[in-house]
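Look over the sequence and the model before reading on. The paragraphs below go through the parts of the structure in turn.

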Amino acid sequence: MQERFLIKHRLSDSRQIEAWCHDLDYEERLPLLALADGIIVGHATLHQRPGGWKRHIGMVDALVHPDYRGLGVLRALLGELVEAARHAGLDKLEAEFNGERRNTIESFAKCG
């Protein structure tokens, strides 16, 4: 499936996903989910560094199911993360993109 190319972490290992769900540290990583009819259709995560000279810079990653792209799901998730980052005292957010992701990059830019 071509969509797997866009996913930073391989989600086929259910043990890894279970560990993420049980080992949440919201000061290090704030995950958000978008649901439609009880099904996850998107996610975004704000990663914070606990110290060091880059502690003021957060890292954001996000992915929206293809059927829900272009509907504002990504914008809503990113808007919430930007607000959380401001509240946490972060000055800057970064994101990495693989492949040609013009629409995604534009959505991130619109959220500031």
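Which residues are exposed on the other side of α3? They are Arg102, Asn103, Ala109 and Lys110. To place this answer, it helps to begin with the whole chain and come back to the helix later.

The model is a predicted one. The protein has 112 residues, and 26% of them count as buried. Its secondary structure consists of 3 helices and 4 strands. Read from the N terminus, these elements follow the order α-β-β-β-α-β-α. Contacts between residues can be sorted by how far apart the partners are in sequence. Taking the contacts with a separation of 6 or more, 50% join residues that are 24 or more positions apart. The surface that the protein exposes is about 8200 Å², and carbon and sulfur atoms supply 51% of that area.

Next comes the interior. The largest nonpolar core contains 17 residues, and Leu46, Val60 and Leu78 have the most contacts inside it. At least two residues of this core come from each of β1, β2 (39-47), β3 (57-64) and α2. The element that gives the most is α2, with 7 residues.

Leu46 can serve as an example of a core residue. Neighbours within four places in sequence are left aside here. Among the residues that Leu46 then contacts are Leu30, Gly58, Met59 and Val60. Its contacts also include Leu81, Ala84 and Ala85, as well as Leu90 and Leu93.

A short way along the chain is Gln48, in the loop between β2 and β3. Is Gln48 buried or exposed? Gln48 counts as buried because its relative accessibility is 17%, and the limit for buried is under 20%. Apart from neighbours within four places in sequence, Gln48 is in contact with Tyr26, Glu27, Glu28, Ala88 and Leu90. Glu28 and Leu90 are also in the contact list of Leu46.

Helix α2 has a second feature to look at. Glu83 and Arg86 both lie in this helix, which covers residues 73-87, and they are 3 residues apart, about one turn of the helix. An α-helix has 3.6 residues a turn, so residues three or four places apart point the same way. Glu83 and Arg86 form a salt bridge, with 3.8 Å between the closest N and O atoms. The salt bridge count for the model is 1. Glu83 is partly exposed, because its relative accessibility is 45%. Arg86 has a relative accessible area of 57%, so Arg86 is exposed.

The surface also has a nonpolar part. Leu33, Leu35 and Ile40 make a nonpolar patch of about 320 Å² there. Leu33 belongs to strand β1, residues 29-36. With a relative accessible area of 53%, Leu33 is exposed, because the limit for exposed is over 50%.

Now return to helix α3, which spans residues 102-110 and has Thr104, Ser107 and Phe108 as its buried residues. Seen down the axis of α3, these buried residues fall within an arc of 100 degrees, so they line one face of the helix. The cover over the buried residues of α3 includes β3 and α2. On the other side of α3 are the exposed residues named at the start, Arg102, Asn103, Ala109 and Lys110.

Terms used: Residues are numbered from 1 along each chain as its sequence is written. This is a predicted model: local features need pLDDT of at least 70, side-chain atom pairs count only at pLDDT 80 or more; totals for chains, interfaces and linings use all residues. Side-chain values use heavy atoms; hydrogens and water are left out. Patches are made of residues with over 30% relative accessible area and no salt bridge: like charges are joined within 9 Å, nonpolar side chains (Val, Leu, Ile, Met, Phe, Trp, Tyr) within 5 Å. Accessible areas come from the Shrake-Rupley method with a 1.4 Å probe; for residues, only the protein chains shown count as cover. A salt bridge is a side-chain nitrogen of Lys or Arg within 4 Å of a carboxyl oxygen of Asp or Glu. Buried means under 20% relative accessible area, exposed over 50%, partly exposed in between (1.4 Å probe, protein chains only). A nonpolar core is a set of buried Ala, Val, Leu, Ile, Met, Phe, Trp, Tyr and Cys residues joined through side-chain atoms within 4.5 Å. Contact means heavy atoms within 4.5 Å. The arc is that of the directions from the helix axis to the C-beta atoms.
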